[in-house]
Amino acid sequence: MITIRINNESHQLDVTDDMPLLWVLRDILGLTGTKYGCGVAQCGACTIHIDGIPTRACQLPVSLIGDRHITTIEAIGNTREGARIQAVWLQNQVIQCGYCQSGQIMAATALLRDNPNPTDDDIDDAMSGNICRCGTYVRIREAIHQAANNA
Amino acid sequence: MRKPRDIGAILNRRAFFRGTLAFGGGMLLSGMIPGLPGAQADTKGVFIPNAFIRIDRSGGITLIMRHAEMGQGIYTGIAMLIAEELEVDLEQVTLEAAPADPSRYTDSAAGEEVTGGSASTRDSWLPLRQAGAAARIMLVAAAASRWNVPPESCAAQHGQIIHVPTGRTLSYGDLAEEAALQKVPEKIILKDPSTFRLIGTSPQRLDTKPKSNGTAIFGMDVRVPGMKIGRIMASPIQRGRLISYDSVAARAIPGVVDIITLQDVIAVIGDHSWAAIKGLEAANPQWDSGPHAAVSTKTLMDDLRRASDRTGLVAKNTGDVDAALAACSHRIDAVYELPFLAHAALEPINTTLHIRPNGADVWVGTQVPVRARQEVANATGLPPEKIAIHNHVIGGGFGRRLDSGSIGQAARLAKQMPYPVKLFWTREEDIQQDQFRPFYYDRISAGLNKQGRIAAWKHRTTGSYVTARWAPEGLQNGLDTDTVDGAVETPYDIPVQRNESVQCEPEGLTTLWWRGVGPTHNVFVVESMMDELAHLAENDPLDFRRSMLGHSPRGLKVLNEAARKSGWGTPLPSGHGRGIALHYSFQTWAATVLEVQVTDDNAIRLVRADTAVDCGPVVFPDAVRAQIQGGLIFGLTMALYNEITVTNGRVDQSNFHDYRMMRINEAPDIRVHLVPDLSADIGGIGEVGTVAAAPALANAIFAATGHRLRKIPFLSQMAGKSA
C-alpha cells in the first residue's frame with residue numbers, strides 16, 4: 001500500500017510503484033481535472049503541484065512522492081494565488097476548449113506565487129511547457145499581467 | 001458586389017440540401033423552426049415549445065444545444081440567440097447537449113446534425129431566435145389567459161411575464177403548464193436589433209467556469225459505474241493485420257482484465273489506464289505489412305506530381321487563359337505545396353460505451369452525433385433508436401470529430417465486453433492514426449498587363465477529395481468544390497481566369513477536413529501569388545491589392561483597416577518585415593498584417609498580427625476576437641512547423657516532440673479589429689483566423705529576407721537558406 005496526500009486528504013492506494021500519479025488521480029481517485037495530453041511531459045496538461053512546485057503528473061511514479069503534498073486543479077482555488085488566477089482567467093475569457101487549461105492554471109498559479117510581478121520573459125519561462133492547441137496564449141499573458149497588477 | 005457563395009466542405013451539403021428542402025419563401029413561419037414538434041405537455045407539466053427549450057414548473061429553463069462546444073464558444077452564442085427572444089437572462093438557463101435525433105436537430109442548411117464549416121451561428125441566427133420568440137409568445141398568451149387580459153398588455157422580461165398596466169407578474173415556471181397548452185404561433189416577429197440586450201455583447205462564457213476548476217467532463221473524463229478502461233492500437237499501416245501478440249505477458253501486468261482484437265486492431269483492457277498502457281506494451285503486437293508497406297512521402301508526392309499533369313475538372317473558366325498568359329510581358333509560373341497535417345487536438349480520441357443485448361449508451365465528444373449513432377448501430381446490429389449518444393464538451397475539434405470512424409472501431413471492440421468500457425488512443429495513436437488534411441500540389445501561372453494589373457490567372461490544384469468520402473452527394477458533377485474554395489472566387493478583379501481540380505487520393509492514408517478547409521489551402525496559394533505579382537509589378541503589396549478590389553468594397557475596407565492599425569508602410573528595424581493577406585471565407589471578410597523578425601541565424605520571430613474582420617452582424621464580439629487570435633496561432637503553427645510524412649507505409653511523427661505545437665514564447669501579439677457591416681449576411685468565424693496565417697507569414701518572411709517560400713512548413717526550409 002502507498003499513502004499519499006492530495007488536496008489535504010490522505011489516500012491509501014493499492015497500486016504498483018511505477019503507476020504515474022496522473023492515472024492515480026484520474027482513474028483511482030476520480031480527480032479528472034488533471035488531463036492526459038501526451039504522456040511524455042511535452043504538453044503540460046497534467047500539471048499538478050508537489051509542495052507548490054509545478055510538476056508533470058504523467059511522468060511521476062506514485063511511489064516517489066512520499067510525504068510531499070499534492071495539489072490538483074480541483075483544490076487550487078483554495079489558495080490565494082490559485083483563486084486569483086482562476087478569476088482573471090474567467091474575466092479575460094482565456095479559456096476555449098479548456099482541455100489544457102487545468103495545466104495552464106496550475107503553472108500560472110505557481111508563477112504568480114513565486115513572482116508577484118512577472119515580466120513577459122518570466123511568463124514565457126514559466127508557461128512555455130504548457131501547450132494550448134486553441135492558441136489562447138495572447139490572453140494567458142494578459143490574464144497573468146492582470147493578476148499581478150491587482151494582486 | 002459579388003454574391004456570397006456557400007463554400008467549404010460542410011457547405012457543399014448546405015448547397016445540396018438548400019435545393020432539396022423547401023421551406024417556402026416565408027421568413028417568419030413557425031414551420032421554419034427546426035425540429036418543431038408542436039407544443040406538448042407531459043404529466044409533469046413541462047413546457048417544451050420546440051426542440052431547443054424546456055421550462056419546468058419549478059422555473060428551470062433548459063436550452064438544448066445541437067452544436068458541439070469545442071472551444072469556439074458556441075454554447076454561449078446560441079444561448080444568447082435563444083435567450084434574447086425568450087427574454088431570459090443567461091444566469092437563468094441551464095445548457096444540455098442535444099441527443100442524436102435527426103428529426104429534431106438536423107441543421108436545415110447543413111442537412112444533418114453537425115457542427116462544422118464555421119456554420120453554427122450562421123445556421124442558428126434566424127431559427128433559434130425564432131425558437132425563443134415562439135416560446136415567449138406562448139408564455140405571454142398563457143399569462144394573458146390566466147389574467148383574462150389582452151396579450152398586448154403583457155410583456156416578457158427576465159423570465160417573467162408582467163401585466164404592464166397593473167404590474168402583476170408570473171414567472172415562466174408558474175406558466176409552464178398553461179403555456180404548453182397554447183397554440184404554436186404562426187407568425188413570429190423578431191426583435192428589432194436596436195433593442196437587443198444580449199446579442200452584440202460579450203457576456204461571461206457559460207462553459208468556462210467548470211473548465212477553470214477541473215469539473216468540466218470531457219469524453220476522456222467520463223466515469224461510469226463498473227467501467228473498465230482500454231487502450232487501442234491499430235495496425236500502423238492501413239490494411240495491415242494483427243498476426244500475433246503476447247497474451248501471457250499482457251495478462252501478467254497487474255490490473256489487465258481482457259485483450260480484445262479485431263482483424264487490424266488490438267485493445268488491452270484494464271482496471272485503469274496504466275494497466276491498459278503497460279498491458280499493450282507487454283502484448284507487443286505484431287502486424288503484417290499489408291498492401292501499403294511501400295508507401296512513402298516520395299511515392300505520394302510522385303503520384304501527386306504525375307496527377308497534376310492532367311487537365312482537371314474545370315471549376316471556373318473565363319476567357320482563353322492560355323492565350324491571355326502568352327500575351328503577358330511579365331508572368332510567374334509557380335508550384336505551391338501544402339503537406340499532410342494531423343489535427344492534434346489536445347484531447348486524444350476516446351469513446352466510452354456500454355453495449356447491452358437490447359441497447360447501448362455511448363459517451364463521447366462528437367461533431368456528428370447521428371453518424372456516431374449509426375456507427376454503433378452498424379457495429380452492433382442494434383437499432384439506432386436503442387442507442388443513446390451522450391455528447392460531451394470536446395477538447396479541441398478542428399475537424400477531427402467530424403469523423404465517426406473511431407466510434408465504430410470502439411463499438412466493434414466494446415460489443416465483445418459485457419461491462420462498460422472507456423477506450424482511448426494514446427497521443428501516438430492519435431497522431432499516427434489520424435485522418436489527415438490532404439497534401440495539395442498546386443500549379444499556378446499568372447501574368448500582368450502593361451498597367452501592372454493581373455491579366456490572366458490559371459490555377460490547378462491536385463489533392464484528395466474529402467467530400468467524395470464524407471459526403472459524396474455534395475460533389476458537383478464530380479468536383480469537390482472544397483478543393484477550389486478560396487481559389488475560384490478571389491477578392492480581385494481578374495479578367496481571364498481558369499481553375500481546375502485534379503483528384504488524387506493518397507495510397508494508404510485517409511483524409512479529412514481540417515480547420516479552415518479549402519480556404520486554408522487556397523488562400524495560401526492565392527495570397528502568396530498576389531505578393532509575388534506585386535513584386536513583379538514593382539508595386540507595394542497593399543497598393544497592388546487595392547488596385548483590383550473594385551468589386552469587393554468590404555474587402556477594401558478590411559484591407560485598409562488592417563493596414564492602418566498595423567502601421568503598414570512605417571519603417572521597421574533591420575531584419576523585420578510585414579506580410580499582408582486578404583480573404584473572403586465562410587461569408588466573412590478578413591485581412592491580416594503580420595510582422596516578423598528573421599534573425600541572422602534564420603530564426604523566425606513572430607512579432608505582431610493585426611486582423612480586421614467584417615463578419616456581418618456580430619453575436620458575441622469577444623468570441624470573434626478569441627477565434628481570430630486562436631485561429632491565427634493554429635495556422636501559424638502549421639505554416640512554421642507541421643507536416644506528416646510517411647516511411648514504409650508508416651507515419652513518421654508520433655508526439656509533440658516531432659509534431660511541434662506553438663508555445664507561448666513563440667506566439668505573436670494579436671490585435672483584432674472588428675469593422676462589421678451590420679446589414680450584410682452573417683458570416684462564420686471559427687476557421688477565418690487560420691486561413692490568413694500561412695500567406696501572411698510567407699509574405700512577411702519575403703519582406704524581411706527576399707526568400708519566397710512556396711512550400712509549407714517554412715521553418716525547415718529557412719534552416720537551409722543563407723541569411
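**Close-up 1. A hairpin links strands S23(B) and S24(B) in this predicted model.** Five residues sit between the two strands, and within that turn B:Asn602 has a positive phi of about 65°. S23(B) pairs with S24(B), residues 604–614 of chain B, in the antiparallel sense over ten bridges. To pick out one spot along the pairing, look for B:Thr592, whose bridge partner in S24(B) is B:Thr611.

**Close-up 2. S23(B) also pairs with strand S22(B).** Ten bridges join S22 (residues 576–585) of chain B to S23(B), and the two run antiparallel. One handy marker is B:Gly577, bridged to B:Val596 in S23(B). This hairpin has two residues between its strands, and B:Phe586 takes a positive phi near 55°. As for S23(B) itself (residues 588–598), ten of its eleven residues are buried, so the strand is largely enclosed by the rest of the structure.

**Close-up 3. Helices H16(B) and H20(B) pack against each other.** Here H16 (residues 517–536) and H20 (residues 688–705) of chain B meet at an angle of about 25°, with axes 7 Å apart. That makes the pair roughly parallel, and H16(B) passes H20(B) in a right-handed crossing. Residues making the contact include B:Val523 and B:Phe524 from H16(B), plus B:Ala698 and B:Phe702 from H20(B). Sorted by class, the contact has nine nonpolar, four polar and two charged residues.

**Close-up 4. Chain B meets chain A.** On this interface, 46 residues of chain B are in contact with 48 of chain A. Among the chain B elements giving two or more residues are helix H9 (273–283) and strand S27 (669–674). The largest share, six residues, comes from H19(B). Chain B's side is a mix of 19 nonpolar, 17 polar and ten charged residues.

Definitions and conventions
Residues are numbered from 1 along each chain as its sequence is written. Chains are lettered from A and ligands numbered from 1 in the order in which they are written. This is a predicted model: local features need pLDDT of at least 70, side-chain atom pairs count only at pLDDT 80 or more; totals for chains, interfaces and linings use all residues. Axes are lines fitted to C-alpha atoms, for helices over the stretch in contact, and angles run from 0 to 180 degrees between N-to-C directions. Helices (H or I, at least four residues) and strands (E, at least two) are DSSP runs, numbered from the N terminus. Angles under 35 degrees count as roughly parallel, over 145 as roughly antiparallel, 65 to 115 as roughly perpendicular and the rest as oblique. A crossing is left-handed if the near helix is turned anticlockwise from the far one by less than a right angle, and right-handed if clockwise. Two residues are in contact if their C-beta atoms, placed from the backbone, lie within 7 Å. Ala, Val, Leu, Ile, Met, Phe, Trp, Tyr, Cys and Pro count as nonpolar, Asp, Glu, Lys and Arg as charged, and the others, Gly among them, as polar. A residue is buried if 20 or more other C-beta atoms lie within 10 Å of its own, exposed if 12 or fewer, and partly exposed in between; C-beta atoms are placed from the backbone. Two strands pair if DSSP finds at least two bridges between them.
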